[in-house]
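The following exercises are to be worked through with the sequence and the structure at hand. Each task is followed by a solution in steps.

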Amino acid sequence: MTFAIAAFQAQGAHSVHDPVSRQALRIHQLGEAMYVTAAVVFVLVVAALLWSALRRHRMPADQQRSNRSISTAVLLATAATTVVLFVFLILDLSVGRAITTNPGKGAIQIRVTGHQWWWEVQYRDSLPQNWATTANEIHVPVGRPVVLELRSADVIHSLWPPNLNGKRDLIPGDENSLWFQADSPGVYRAQCAEFCGHQHAKMSLLIVAEAPESFSAWLSRQRDTALTPTDSVARRGQEVFLGSTCVMCHAIAGTPAGSRIGPDLTHLASRRTIAAGTLPNTRGNLAGWIINPQAIKPGVRMPPNRLGSDDLQALLTYLETLE
Ligand code: CUA
């Protein structure tokens, strides 16, 4: 199981070397410039070291001239170091400015709240009943700026989508923001980058960048309430859900379940993963997760659920209807 989880977490693009936004590209270019400069400096320092080691064998008559040339070399090296550091200071400030300047009114605002250990995601609207709440998966349209409003419900987390931008902390009692504009479609993985407790490593978020039409269709589905099940097994599953401890923590819009302690499950079946990017969202994984989440993510807030086999199967059938 550990191996399966590790292999799965490697999915979704997650690399600073493959920027798909101008923001990540600027960071990438700054990183490359630093890398190349450091490599050149390293080669020069090693060459100077070899040169001075070889010169020690020269005749004493040359000593005075040698001391003078060494002083000049030290002076030049100090001046060059100062210039290089100063140039990088300016580049660093300019990149920092470019990636944080707010893109303005045309941007899509998405509220992301960090919890131990999952991400709550809200697409707001002027009408509160039109808010779309989901978890651990963000959809964004390609070619349009997106501002993530970052908050925390408990401890400090940090959101890091390396293909799209740098890291930004989510701080309790404060609001931060991170923005990017994805220029190519794809699925990109963001990871919590601030140690936030036992399951910090299993706190990832998928960012699905897609064509504007697919994004609009996805968002309007997410704003809908869940359909009332018509099938008898799914109906029984809904009764199991509403009659068990599930309702104490989860919400499903369109049913009496409205708790916000755990992820909103209104459109659970539309998500690619469960448990914040830990497992692919399949019926088998969902069954294992419901029965004993502690085996998959020890320390997670969700308790084990002792359901009979028929109840579990009905519940799974119901959850699969939540598209
Ligand atoms: Cu949340 Cu680390």
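**Exercise 1. A loop alanine**

A275 has a relative accessible area of 11%, so A275 is buried. The model in which this value was computed is a predicted one.

Task: State where A275 lies and what is notable about its phi.

Solution.
- Step 1. A275 belongs to the loop that joins β11 (273-274) to β12 (279-280).
- Step 2. The phi of A275 is near 60°, which is a positive value in a residue other than glycine.
- Step 3. For comparison, most residues other than glycine have a negative phi.

**Exercise 2. A loop asparagine and a peptide bond**

Task: Determine whether N136 is buried or exposed, and describe its phi. Then describe the peptide bond from Q116 to W117.

Solution.
- Step 1. N136 is placed in the loop between β3 (132-135) and β4 (137-141).
- Step 2. The limit for a buried residue is a relative accessible area under 20%. N136 has 7%, and therefore counts as buried.
- Step 3. The phi of N136 is near 60°, a positive value in a residue that is not glycine.
- Step 4. W117 is located in the loop between β1 (108-115) and β2. The peptide bond leading from Q116 to W117 is cis, and its omega is near -5°.
- Step 5. As a general rule, most peptide bonds are trans.

**Exercise 3. A glutamate in a strand**

Task: Describe the surroundings of E120, beginning with the element in which E120 lies.

Solution.
- Step 1. E120 is part of strand β2, which comprises residues 118-123.
- Step 2. With a relative accessible area of 9%, E120 is buried.
- Step 3. The side chains of E120 and H115 form a polar contact at 3.0 Å.
- Step 4. Once neighbours within four places in sequence are set aside, the contacts of E120 are R111, V112, T113, H115, T133, T134 and R260.

**Exercise 4. Testing the length of two helices**

Task: Compare the expected span of helix α2 with the distance between its end C-alpha atoms, and do likewise for α9.

Solution.
- Step 1. Helix α2 (residues 22-55) has 34 residues, so at 1.5 Å a residue it should span 50 Å. The expected span is taken as 1.5 Å times one less than the number of residues.
- Step 2. The end C-alpha atoms of α2 are 49 Å apart, which agrees with the expected span.
- Step 3. For the 12 residues of α9, the expected span is 16 Å, and the end C-alpha atoms are 16 Å apart, so the two values agree.
- Step 4. Buried residues are found in both helices: Q23, A24, H28 and L30 in α2, and L312, A314, L315, L316, T317, Y318 and L319 in α9.

**Exercise 5. The packing of two helices**

Task: Establish how α5 and α9 are oriented to one another, and which residues meet.

Solution.
- Step 1. The axes of helix α5 (residues 232-243) and helix α9 (residues 309-320) come within 7 Å and cross at roughly 105°.
- Step 2. An angle of 65 to 115 degrees counts as roughly perpendicular; α5 is therefore roughly perpendicular to α9.
- Step 3. On the α5 side, the residues involved are V233, A234, R236, G237, Q238, V240 and F241; they meet D310, D311, A314, L315, T317, Y318 and L319 of α9.
- Step 4. Sorted by class, this contact of α5 with α9 has eight nonpolar, three polar and three charged residues.
- Step 5. The buried residues of α9 pack against α7 (283-291) as well as α5.
- Step 6. L315 of α9 serves as an example: its relative accessible area is 1%, so L315 is buried.
- Step 7. L315 and F241 are 74 residues apart along the chain, while their C-alpha atoms are separated by 6.5 Å. Beyond four places in sequence, L315 is in contact with G237, V240, F241, I290 and L307.

**Exercise 6. A threonine and its polar contacts**

Task: Identify which backbone atoms the side chain of T255 approaches.

Solution.
- Step 1. T255 lies in the loop between α6 (246-249) and β11, and counts as buried at 16% relative accessibility.
- Step 2. Its side chain reaches the backbone oxygen of I252 at 2.7 Å.
- Step 3. A polar atom of the T255 side chain also lies 3.1 Å from the backbone nitrogen of A257.
- Step 4. Not counting residues up to four places away in sequence, T255 touches Q238, L242 and Y318.

Technical notes:
Residues numbered from 1 in each chain as written. Predicted model: local features only at pLDDT ≥ 70, side-chain atom pairs only at ≥ 80, totals over all residues. Heavy atoms only, no water. Helix = DSSP H or I, 4+ residues; strand = E, 2+ residues; numbered from the N terminus. Buried < 20%, exposed > 50% of the residue type's maximum accessible area, 1.4 Å probe, protein only. Polar contact = N/O pair within 3.5 Å; in protein donor to acceptor, adjacent residues only side chain to side chain. Contact = heavy atoms within 4.5 Å. Axes fitted to C-alpha atoms, helices over the stretch in contact; angles between N-to-C directions. Parallel < 35°, antiparallel > 145°, perpendicular 65-115°, else oblique. Nonpolar A, V, L, I, M, F, W, Y, C, P; charged D, E, K, R; others polar.
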